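Biologist: I am new to this structure and would like a close look at a single part. Please take the open sheet, then walk me outward to whatever else helps me find my way.

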Amino acid sequence: MEKRPKVTIVGSINMDLTVQTSIMPKQGETVLGDHFATYPGGKGANQAVAAARLGADVCLLGAVGDDDFGTNLLNHLKEEGISTSSVSMEENMSTGTATIILSNQDNRIIVAPGANRMVTPDYIKEHLHVIKESDIILTQLEIPLDTITYLASLSKELKIPMILNPAPYQPLPASVIEAFRYITPNETEAELFKKELQEGMEGEQWITTKGKEGVIIYQQGEELKIPGYPVNVEDPTGAGDTFNGALAAYLGRGDTLDDSVRIANAAAALSATRKGAQSGMPTQAAVERFMKEN
């Protein structure tokens with residue numbers, strides 16, 4: 001990546017608490033687990049790692065609690081080369097967590113947002129200087145919706161391109177959706193938006209990820225299909241976040257939408273061949289090599 005684009009990511013920072021068990025507990029039941037581990041997570045943090053590994057100059061706007069999880073996550077993000085100077089450490093609050101029970105290829109997840117609730121419009125206003133210096137902004141729906149609405153208004157006012165990764169899906173006013181330059185739902189989220197908006201997804205640049213089938217770009221009623229890469233999937237966790245982080249990095253650099261999507265598609269496919277959300281995210285050199293070989 002010749003230019004280091006300034007990518008600002010506004011989003012969640014979580015610690016994932018994962019336990020594996022051969023028996024999914026029923027209500028009121030206690031079972032023995034097989035393995036427990038903690039992993040850095042949160043869609044905002046995941047996408048920040050993806051963009052940074054692909055050569056972007058990344059600043060993360062978010063919040064953690066003043067607990068051990070918060071301290072550990074900040075140290076981890078700094079080690080990835082991500083600017084955390086604007087991340088707020090909230091007193092007497094817990095860091096966001098996702099408690100994940102894995103059993104027989106099934107999972108149950110409980111997300112406790114914790115300090116992520118503090119990523120408010122007022123917090124964004126305190127860090128407007130970061131927003132204004134950005135080449136591109138990327139956000140998701142694991143932070144308060146009034147913050148998403150405020151970012152949408154800033155996008156129009158400052159004329160800075162913004163990407164909305166609408167995950168997890170939540171209904172949004174059409175005026176908010178239209179304010180974002182790019183919307184990146186997965187297949188399920190795209191279907192929900194079609195039902196919600198009724199008039200369809202024409203007129204804006206919608207980029208729908210379809211897993212191994214690739215990506216579809218919708219522009220003014222026309223579709224451009226970009227095929228997926230055939231890979232041996234080890235762990236698809238984080239592939240969507242890798243795609244979004246990569247897309248922001250290359251659009252921020254000034255690449256065309258088509259080229260940026262193709263590279264992001266390759267990065268996502270490569271991430272799925274490795275275990276772990278953040279640990280599987282590839283470097284720029286790895287993506288370039290992968291694309292040449294495929």
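Modeller: What follows starts at the sheet and then moves on to the cores, one buried residue and a group of rings. Keep in mind that this is a predicted model.

Start with the strand order. Four strands make up an open sheet, and they run β3-β2-β7-β8. The pairing is mixed. Strands of a sheet pair through backbone hydrogen bonds, either parallel or antiparallel. Look at the edges next. β3 (35-41) and β8 (106-112) each have a single partner strand, so one side of each is left without a neighbour in the sheet. From one strand to the next, the twist averages 20°.

Now follow β7, residues 96-103. On one side, β7 pairs with β2 in the parallel sense, over seven bridges. Here L17 has T99 in β7 as its bridge partner. On the other side, β7 and β8 pair in the antiparallel sense, and this pairing also has seven bridges. Two positions let you trace it. T97 stands opposite A112 in β8. A98 stands opposite V111 in β8. In a regular strand the side chains alternate between the two faces of the sheet.

The turn is worth a stop. β7 and β8 form a hairpin, with two residues between them. N104 sits in that turn and has a positive phi of about 50°.

Next, find the helix that crosses the sheet. Helix α2, residues 68-79, lies across β2 (14-20), β3 and β7. Its direction is at about 105° to β2.

Step back to the nonpolar cores. In soluble globular proteins, nonpolar side chains tend to be buried together. The largest core here has 51 residues. Within it, V58 and V261 touch the most other members. Helix α9 (residues 257-271) gives this core its largest share, nine residues. Apart from this core lies another, of 32 residues. Among its members are A115, L141, I143 and L197.

Return to V58 to see what surrounds it. Leaving aside neighbours within four places in sequence, V58 is in contact with V7, I9, A48, A51, A52, I82 and S83.

Then pick out T8, in strand β1 (residues 6-10). T8 has a relative accessible area of 2%, which is under 20%, so this residue is buried. Its side chain makes a polar contact with the side chain of S134, at 2.5 Å. Not counting residues up to four places away in sequence, T8 touches C59, L61, V130, I131, S134, I136, I137 and L138.

Finish with the aromatic rings. A pair of aromatic rings is described by the distance of the centres and the angle of the planes. The count of aromatic pairs comes to three. One of them joins Y169 and F193. Their ring centres are 5.0 Å apart and their planes stand at 75°, so the pair is edge-to-face. This pair links distant parts of the chain, 24 residues apart. Y169 is in the loop between β10 (162-165) and α6 (174-179). F193 is in helix α7, residues 187-197. Their exposure can be set side by side. Y169 counts as partly exposed, at 24% relative accessibility, whereas F193 is buried, at 0% relative accessible area. Ring pairs also bring in W206, linking Y169, F193 and W206 into a cluster.

Conventions
Residues numbered from 1 in each chain as written. Predicted model: local features only at pLDDT ≥ 70, side-chain atom pairs only at ≥ 80, totals over all residues. Heavy atoms only, no water. Pairing = 2+ DSSP bridges. Axes fitted to C-alpha atoms, helices over the stretch in contact; angles between N-to-C directions. Contact = heavy atoms within 4.5 Å. Core = buried A, V, L, I, M, F, W, Y, C linked by side-chain atoms within 4.5 Å. Buried < 20%, exposed > 50% of the residue type's maximum accessible area, 1.4 Å probe, protein only. Polar contact = N/O pair within 3.5 Å; in protein donor to acceptor, adjacent residues only side chain to side chain. Phe/Tyr/Trp six-rings, centres within 6.5 Å; stacked < 30°, edge-to-face > 60°.
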